[in-house]
Amino acid sequence: MSDAGYDHAAVERRWQEAWDDADAYRTPDDVEDPTYVLGMYPYPSGKLHMGHVRNYTITDAYARYRRMTGDEVLHPMGWDAFGLPAENAAKERDTNPRDWTFDCIDTMRGQMESMGFGYDWDREIATCTPEYYQWNQWLFSRFHDEDLVERRDADVNWCPECETVLADEQVEGGESPEGSQGGGEAAELCWRCDTPVEQRELEQWFLKITEYADELLEDIDDLEGWPNSVRQMQRNWIGRQYGAEVDFEIEDHGPVTAFTTRLDTIYGATFFALAPDHPISEELAEEDEGVRHFIEEEADPDGDEPNGVETNLTATNPATGEEIPVYVADFVLSDVGTGALMAVPGHDERDHAFAQKMGEEIVPVVAPEPEEVEETEAPDVSEEAFTDDGVLVNSGEYAGLESETAREQLIEDIDSAEHTAQYQLRDWGISRQRYWGTPIPVVHCHDGCGSVVVPDEELPVELPAFINTTGNPLDAAEEWKRTTCPECGGEATRETDTMDTFVDSSWYFLRYVSPDLADAPFDLEQTNDWMPVDQYVGGIEHAVMHLLYSRFFTKVLADHEGLDHREPFTNLLAQGMVQLEGEKMSKSKGNVVSPQRIVEEYGADTARLFMMQAAQPERDFDWSEEGVRSTNAFLTRLKEMVEDFSADEPDGEEDAIARYVAAEIDATIAIAGSEYDDLTFNRALRETQDLTRTLRQYAAYTEPHADTYERGLSAVVRLLAPVAPHIAEELYDELGHDGLVVDAPWPSAEIDHEHVRKRRQLVANTREDVRDIVDVAGIEDPQAIDVVVAPDWKYDALEIAIESDADNLIGELMQESHIREQGDAAADYGQDLQAEREALSRTLEPDAEHDALESAAWLLEREFDAAVSVRSADEVDESVLKNAAPGRPAIEIED
RNA sequence: GCGAGGGUAGCCAAGCGGUCAACGGCGGCGGACUCAAGAUCCGCUCUCGUAGGAGUUCGUGGGUUCGAUCCCCUCCCCUCGCACCA
């Protein structure tokens, strides 16, 4: 009946109450520098899913581990509580976002408690409370003071039916259907009402993250505790590129700046191209029907084909002085570089394609690096552009220079040319035309003061009551909107946009330090002590946005608010997905395993333990009901072992077997500890389960030595405690310990890892050899097995062989009289050593080998049901010793 | 196209210069226990082998080394991110 499990519900309830009573997870404000362990706070959707459970089990296990090793730990939890889903849910249910959100929070907090996550709930935050979001507004104001806020026009997705801006992910059908050959791009539709989405230009608020682009990029190098993938994604996202800006003179329009990374190819610039929305293109459109038609009807920036139209203008190539035609082309993007480019068809693939289409001249100006002494020869670029660096040709005085040198030289020589860096990173538009977010603390004065930031003493600007309307509820809140200008006292209207919720999450980790502070977002001194977050854990989907914004905020706060840290997260773990049959769990696919069901059926400890042992935290893994069952069975068996032990304490000897078990206990403790340090819970748990098996075998084979056995059980319980805390408390108590396992000291063991490795290897090899012999020799029923450790002189010989660099090893060995005395045996062994000369490594000492084998003899006895004796060399006949070597005992089996 | 990470026995998956024919798990096979099933426990699971042996393996093809799954190069394939980026 062992598969019936144990009464997990009772166990979990009991210890959750005990933790509550003991305030076990509280981190008092006066601790100096706690280990800060943090999981990315969730959006309160109302239901914990497997991804959450995995995320928070990782942080919880690590926090508990660090607590047991003696650290003070800060492990808080909060809610990313603003966001559109609450508005939609409120409309559907005829309630309001606030009530709905807090209902969800209550439910999820309950689920987290039932999972046994140990949070300091006194530090809980919810971003939708004025106590929190007032600091978003305050920070906005500080950013504004530092000129890091800007209001400007931006293109947004606009649904005319709903009268609101849509996020990109709320626009559906943007991609043309698979396989459709250029046939009609699918229209972009509003996810709610299927109305075609329009592009609108609206005034939006931006945070100037680009001011920090260089530092954000360069500091990535120092984030050694972050996964490479995330670091690389951030580098790509920032996308810095060094190049040059250079002016081309266009008649009647003055100098037009182009950005290029290949200034060395300027002699090959045979035409010039402008983005369709470049100011000059727009001017031209007013008088040139062809250009207007192209911009309005033909330009397709998303298509594969480069399209364009020739204008009646020419531009002057500043290097050659030649007049080259100017095109308006849709492959030129206004938000890349300057929105204008010098086209070099000989050395750029896209320019090449366009030149072929338009019949423009293609001139090679860079030749491949000549091999050896061969002549530089212009490449054939009629069919394909040559895009590598090389040596300049057809480039006037620059011919013969290498690309790199030529670029520098040209920057010097061309007046308008200068070094510039180009970034892919854009400023962060934070305006959202929605209700459930932080009101942007700005009023628009009717009397000419413009947009005025609300003074600090008038913060927070609180959200008005929710109005169920199609557009932005804030826009409909007439009374709320009407206000006075802080500067002139005249009539004014409130800004009706709210902030992107990523603003909330860009500093929430600071708020946990002093969540109730009334006069600042965080207590500076305490935050300087407690930050940065030592271990941050969350999904890879936040690799760029959230993590980049948080870094940005941290740097701004360091520059202007006295924060002593320039990076928020020292170590980052991007946890893998929980899958089902190789597929991501998702509601739409209907392949979701509910954590609630698992907790009800098997208990929180089983769910947690199964997840942590299934794979390394950063790997995806498959949920397996079978695995869950066997995990549950493991815990049940362990519980029985502990109960059996305390009901009837054994009375065995501290014999060789006990010594074997004791050594395994030490080894397990040491290995598991270092695996916990590395967050490789799966390996720590494997070791722990192996030890449990060893203990069970021990008890099954003989009457265990009580102290040894108990030490083993106690170690297993504590090694399991970070991951399966409830059952660990139960068993720790059953074993008669005082106090909670939460506060228990982590078991310690001093071992020599190399020694353990060799000992385990020796035992495993010897068992394997015995099996081999029994099998190959066809021994039906072995009666006695003798295991004989090699004579001391072989160990000496091995040592000499390792140390020696003499050509003639045998000669060297024979200089030792006690080896020479062995005669032929010495010569034979010497030859073996010589043959493997380069691969030799030290074994255990003879005594240690003897001891290891002796203490493991019971494993052989048990397996083969035969008497096993471990002997030293001097106890046996010389003929037996031929096969004995250091690390490999001779084996004699009696049939 | 650029960048990052990968390709290991039926499957999943460790190892990352020498005890590696390669940890562990799943699946499969055999055995113990059981009336039986399940659970548990013990083996086996590349090929050949009547005393611990030998042979062929770690995407492909080369190279470095006394020695390579492990290091270097070529190519092929997979996953992820970025991309008409000037």
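**Chain A and its RNA partner**

In this predicted model, six elements each bring at least two residues to the surface near RNA strand B: α7 (228–238), β11 (254–260), α22 (681–701), α25 (753–776), α30 (846–864) and β33 (890–894).

Me: Which element gives the most to that surface near RNA strand B?

Reply: That's α25, with 8 residues. Around the strand there are 53 residues, and the closest are Gln 241, Thr 261, Leu 333, Arg 619 and Gln 697.

Me: What makes a residue count as near the strand?

Reply: One of its heavy atoms has to lie within 4 Å of the strand. By class, the residues on this surface split into 16 nonpolar, 17 polar and 20 charged.

Me: Why is the pairing of Gln 761 with a phosphate oxygen of RNA strand B called a polar contact?

Reply: The cut-off is 3.5 Å between N or O atoms. A polar side-chain atom of Gln 761 lies 2.8 Å from that phosphate oxygen, so the pair is within the limit. Arg 771 makes it too: an N or O atom of its side chain is 3.4 Å from a phosphate oxygen of the strand.

Me: Why is Lys 639 called buried?

Reply: Buried means under 20% relative accessible area. Lys 639 has 13%, so it counts as buried. You'll find Lys 639 in helix α20 (residues 625–647).

Me: What does the side chain of Lys 639 make a polar contact with?

Reply: With the side chain of Glu 643, at 2.8 Å. Leaving aside neighbours within four places in sequence, Lys 639 is in contact with Tyr 6, Val 11, Ile 727, Glu 730 and Leu 731.

Note on methods
Residues are numbered from 1 along each chain as its sequence is written. Chains are lettered from A and ligands numbered from 1 in the order in which they are written. This is a predicted model: local features need pLDDT of at least 70, side-chain atom pairs count only at pLDDT 80 or more; totals for chains, interfaces and linings use all residues. Side-chain values use heavy atoms; hydrogens and water are left out. Helices (H or I, at least four residues) and strands (E, at least two) are DSSP runs, numbered from the N terminus. Buried means under 20% relative accessible area, exposed over 50%, partly exposed in between (1.4 Å probe, protein chains only). A polar contact is a pair of N or O atoms within 3.5 Å; within protein, one must be able to donate a hydrogen and the other to accept it, and residues adjacent in sequence count only if both atoms are side-chain atoms. Contact means heavy atoms within 4.5 Å. Ala, Val, Leu, Ile, Met, Phe, Trp, Tyr, Cys and Pro count as nonpolar, Asp, Glu, Lys and Arg as charged, and the others, Gly among them, as polar.
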